[in-house]
Amino acid sequence: MTGLGKEHLRQASDALLRVEDLVVEYKTGRGDMFQAVAGVSFDIMPNETVAIVGESGCGKSTLAKGVMQLLTTKSGKVVLSGVEITGLGKEELRQVRPNMQMIFQDSIASLDPHMTVSQIVEQPLKVWGRGTDQERKEKIEDLLKSVNLDPDVVGNRKSTEFSGGQCQRISIARALALEPKLLVCDEPVSSLDVSIQAQILNIIREMKNRYGLSLLFISHDLAVVRRISDRIVVMYLGKICEVLTPDQSLSPAHHYTQALVLAVPMPDPTIRRQRAVLDGEPPSPMYPPTGCRFRTRCAAMTTICAEQEPQLREVSPGQFVACHHPIV
């Protein structure tokens with residue numbers, strides 16, 4: 001299922017973010033190197049939400065950090081608003097950072113426990129010297145209200161006094177302080193209760209529309225991804241296997257995507273459906289299978305799957321799959 005190719009990429013001049021052939025490597029304790037992200041390409045248009053979905057360990061969060069240049073990338077390029085940010089010097093990269101902000105999975109750990117909520121939200125503005133004291137105060141109040149928090153109630157309290165869902169709202173307010181063009185959401189609701197997840201997703205959608213944001217949304221939950229995304233990129237073992245829309249995810253062309261779809265719980269317990277059976281565990285990313293990386297768990301595997309790596313190709317309008325034997 002490893003996928004190469006760029007047929008799914010759209011006009012470069014139209015994209016807010018364009019990632020091409022990105023490779024991120026990690027060093028093991030023995031000094032060996034392995035690729036957590038192995039030649040991934042995708043793009044995001046203005047005011048579009050692109051979701052990256054896949055099992056834990058497939059490279060989603062590493063990809064997000066590589067896009068943000070929080071990790072050193074081995075090769076490939078990341079272009080934001082026409083500027084290639086891979087390879088920029090520290091100061092040049094710093095000047096780009098206000099245009100892209102990140103919401104982390106662990107909302108509580110991402111907030112300074114010694115600062116008040118107002119100080120947390122104000123910090124990006126102070127670092128960049130944005131506005132007067134009064135202008136910053138008004139901005140903080142507006143941001144907190146926009147995420148359904150009362151600034152008079154929460155402003156002078158510490159983040160340790162709040163729940164995970166409330167801390168995630170504070171994180172969203174802080175991320176929007178500099179009015180970025182791209183918001184990277186790294187599993188922002190995975191550690192929250194289902195009812196709180198819905199609230200946070202609604203806030204993220206509202207902020208997207210209010211501020212004209214583009215979103216890169218990382219998740220392992222296809223049900224969550226369907227609710228918020230315009231385009232879905234499915235990853236397995238550091239590679240892309242399918243690119244499709246939320247509607248197309250109901251009839252995927254890749255066997256791994258189908259397994260993810262059938263793993264989503266049905267709200268009606270009386271409905272019975274077939275479940276896709278995946279053989280074994282995901283292979284080690286240090287020693288990926290030859291050819292298609294999904295072949296060791298795929299019931300449709302044939303000789304060609306071991307010999308040739310599949311290329312991403314369009315199987316229906318807007319749907320691209322890297323598979324020698326796609327589902328038809």
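**Close-up views of a predicted model**

**View 1. Val83 meets its partner at the end of the sheet.** In strand β5, Val83 is the bridge partner of Leu80. This is a predicted model, so please read every view here with that in mind. Strands β4 (residues 75–80) and β5 are paired through two bridges, in the antiparallel sense.

**View 2. Four strands make up an open sheet.** Reading across, the order is β2-β1-β4-β5, and the pairing is antiparallel. Which strands stand at the edges? They are β2 (33–44) and β5 (83–84); each has a single partner strand, so one side of each is left without a neighbour in the sheet. As a friendly reminder, strands of a sheet pair through backbone hydrogen bonds, either parallel or antiparallel.

**View 3. Helix α1 lies across strands of the sheet.** Helix α1 covers residues 60–67 and lies across β1 (17–27), β2 and β4. Relative to β1, helix α1 runs at about 115°.

**View 4. Lys60 is a buried lysine in helix α1.** Is Lys60 buried or exposed? Its relative accessibility is 3%, and because the cut-off for buried is under 20%, Lys60 counts as buried. A polar atom of the Lys60 side chain lies 3.1 Å from the backbone oxygen of Glu55. Apart from neighbours within four places in sequence, the residues in contact with Lys60 are Ile52, Val53, Gly54, Glu55, Glu187, Ile218, Ser219, His220 and Met235. Glu55 therefore appears both in this contact list and as the owner of that backbone oxygen.

**View 5. Arg231 sits in strand β9 and is buried.** Strand β9 takes in residues 231–236, and Arg231 has a relative accessible area of 9%. What lies 3.1 Å from a polar atom of the Arg231 side chain? It is the backbone oxygen of His8. Not counting residues up to four places away in sequence, Arg231 touches His8, Arg10, Asp43, Glu48, Thr49, Val50, Ala51, Val243, Leu244, Pro246 and Phe320.

**View 6. Arg136 and Lys137 are both placed in helix α4.** The helix spans residues 133–146. Arg136 is buried, with a relative accessible area of 10%, whereas Lys137 is partly exposed at 47%. The side chain of Arg136 makes a polar contact of 2.6 Å with the side chain of Asp133. Beyond residues up to four places away in sequence, Arg136 touches Glu122, Leu125, Lys126, Arg130 and Gly131. Two C-alpha to C-alpha distances help to place this pair: Arg136 and Met68 are 26 Å apart in space and 68 residues apart in sequence, while Lys137 and Val121 are 9.8 Å apart in space and 16 residues apart in sequence.

**View 7. Stepping back shows the whole chain trace.** The protein has 10 helices and 12 strands, and its C-alpha trace spans about 70 × 55 × 45 Å along the principal axes. How does the radius of gyration compare with that of a compact globule? For 328 residues, a compact globule would have a value near 20 Å, and the protein, at 21 Å, agrees. Of these 328 residues, 51% count as buried. Of the contacts between residues at least 6 apart in sequence, 66% join residues at least 24 apart. The accessible surface comes to about 15100 Å², and 49% of this belongs to carbon and sulfur atoms.

Conventions. Residues numbered from 1 in each chain as written. Predicted model: local features only at pLDDT ≥ 70, side-chain atom pairs only at ≥ 80, totals over all residues. Heavy atoms only, no water. Pairing = 2+ DSSP bridges. Contact = heavy atoms within 4.5 Å. Axes fitted to C-alpha atoms, helices over the stretch in contact; angles between N-to-C directions. Rg over C-alpha atoms; globule rule 2.2 N^0.38 Å. Buried < 20%, exposed > 50% of the residue type's maximum accessible area, 1.4 Å probe, protein only. Areas by Shrake-Rupley, 256 points an atom, 1.4 Å probe, with all protein chains shown as cover. Polar contact = N/O pair within 3.5 Å; in protein donor to acceptor, adjacent residues only side chain to side chain.
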